[in-house]
Amino acid sequence: MRIRGWWEGFRGWWSELWPTRRSQALDLSLAIALAAADGVLLWFTPQDFWLPPPAVSLCSVVLALGLVVRRRHPVALALFAVTFGTVMGAGAFATAVILYSLGAYTASRRTVLTIAALGFAAFLLEPGPTANKDPFIGQVLAGVTFIFSPVLLGLYMGARKQLFASLKERAERLELEQHLLAERARTEERTRIAREMHDVVANRVSVMVVHAGALKAVATRDPARAAETAAVIGDMGRQALEELRQVIGVLRQGEDALAQTSPTLADVRDLIDQSGAAGLRVNLRVRGEEKPMPPAVSRAVYRLVQEALTNVHKHAGDADTSVELRLRPEAVEVEVTNAPPRATPAHGLPSGGNGLVGLRERVTALGGVFTAGQCDGGGFRVRAHLPLPASSPS
């Protein structure tokens, strides 16, 4: 069991030496080839050294085989080459590859330059075959060539590899951000379309249902009012179809399909008249100077009043309702308040619970403040504060 555990540990350590099978094959081939090359070269090269050529050749083979750990342990391997290779006079091509690996795979440049300087000093002081034969300046040039050149090349390749890795990571991050932005845009678009569909279908159809109930109630005893109510239902149906056509046009053609005109205070008064025709007593108060508003603000005001009156129809029936618009130079304030319901509405309109959420999103998107909740007396109040841009038309 101990041997098996040791073997499994060795296999795990061995597999962690290389990031890919390609790098594993490269390093193993490189180690074997340089071991053979250095061993043969130093066996047959005439030397004036304290070790015999076979011993130097064997040490060179050992040093070259250490290349299998050059990616995971470049610092330790370089220190081993500086000390062992210098003392034993071993290594020629393998030392150059080890120094290259030191520059390419070591994160700290200070460590790389320190070890390179130690190797350069050891090269000048080694009691090897070249000692006391070449002039000092020749030894310096040889040391710079055979030690600092591979280190600088390794530093360049390591920096290049890090640059490619950072560019790849940046590209992946940008791709992820683009995906998230696209998903966010799709979510916002779905939310906006759902809000528009709610405004067009739910509000209009809800009021039409209320009018249909009123039509049924007065059809026999008041034909004139029944005809008037039927005309109102027809007008509202045509308006709903027109708005629905615009929303579908946005889905097909983009924002250019939206109508260029925006609702005005006259359209708000028409909404109130439609609710009044359905039996709802609505009191409108406009404070301030009536003037054109930015399209986004005017649409928000229109939808606020529309949704609030629809909710009164759904939940409060014919409860008394007041709509107050405060037109200020810097903002528009909308407040819709209804009294407690006199009785449970008989039309049984369903409530999706998304109307107030959509209003809050619409107002917040314009930088405004939206509140909705029960009044102290038992009614319900919807209030919004919509800021006007400084360059709004006057």
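Rings of Phe, Tyr and Trp (its six-membered ring) pair if their centres lie within 6.5 Å. By this rule, the predicted model holds two aromatic pairs.

**View 1. Phe-80 and Phe-84 form a stacked ring pair.** The ring centres of Phe-80 and Phe-84 lie 4.8 Å apart. Their planes meet at 10°. Planes under 30 degrees apart count as stacked, so this pair is stacked. Both residues belong to helix H4. Because they are four residues apart there, about one helical turn separates them. Phe-80 is partly exposed, with a relative accessible area of 32%.

**View 2. Phe-120 and Phe-148 form a tilted ring pair.** Here the ring centres of Phe-120 and Phe-148 are 5.5 Å apart. The planes stand at 55°. That angle falls between the stacked limit of 30 degrees and the edge-to-face limit of 60, so the pair is tilted. The pair links distant parts of the chain. Phe-120 sits in helix H6 (residues 109–125). Phe-148 sits in helix H7 (residues 136–218). The two are 28 residues apart. Phe-120 counts as buried, at 17% relative accessibility. Phe-148 counts as partly exposed, at 22%. The cut-off for buried is under 20%, so Phe-120 at 17% meets it, while Phe-148 at 22% does not.

**View 3. Helices H3 and H4 pack roughly antiparallel.** Helix H3 covers residues 53–65 and helix H4 covers residues 74–88. Their axes come within 10 Å. The crossing angle is roughly 170°. Angles over 145 degrees count as roughly antiparallel, so H3 is roughly antiparallel to H4. On the H3 side, Val-56, Cys-59 and Leu-63 make the contact. On the H4 side, the contact is made by Phe-80, Ala-81, Phe-84, Gly-85 and Met-88. Seven of the contact residues are nonpolar, one is polar and none is charged. Both rings of the stacked pair, Phe-80 and Phe-84, take part in this helix contact.

**View 4. Arg-225 in helix H8 and its contacts.** Arg-225 lies in helix H8, which spans residues 223–253. Arg-225 is partly exposed. Its relative accessible area is 37%. Neighbours within four places in sequence are left aside here. Arg-225 is then in contact with Val-218 and Ala-277. Ala-214 is eleven residues from Arg-225 along the chain. The C-alpha atoms of Arg-225 and Ala-214 are separated by 9.5 Å.

Notes: Residues numbered from 1 in each chain as written. Predicted model: local features only at pLDDT ≥ 70, side-chain atom pairs only at ≥ 80, totals over all residues. Heavy atoms only, no water. Axes fitted to C-alpha atoms, helices over the stretch in contact; angles between N-to-C directions. Parallel < 35°, antiparallel > 145°, perpendicular 65-115°, else oblique. Contact = heavy atoms within 4.5 Å. Nonpolar A, V, L, I, M, F, W, Y, C, P; charged D, E, K, R; others polar. Buried < 20%, exposed > 50% of the residue type's maximum accessible area, 1.4 Å probe, protein only.
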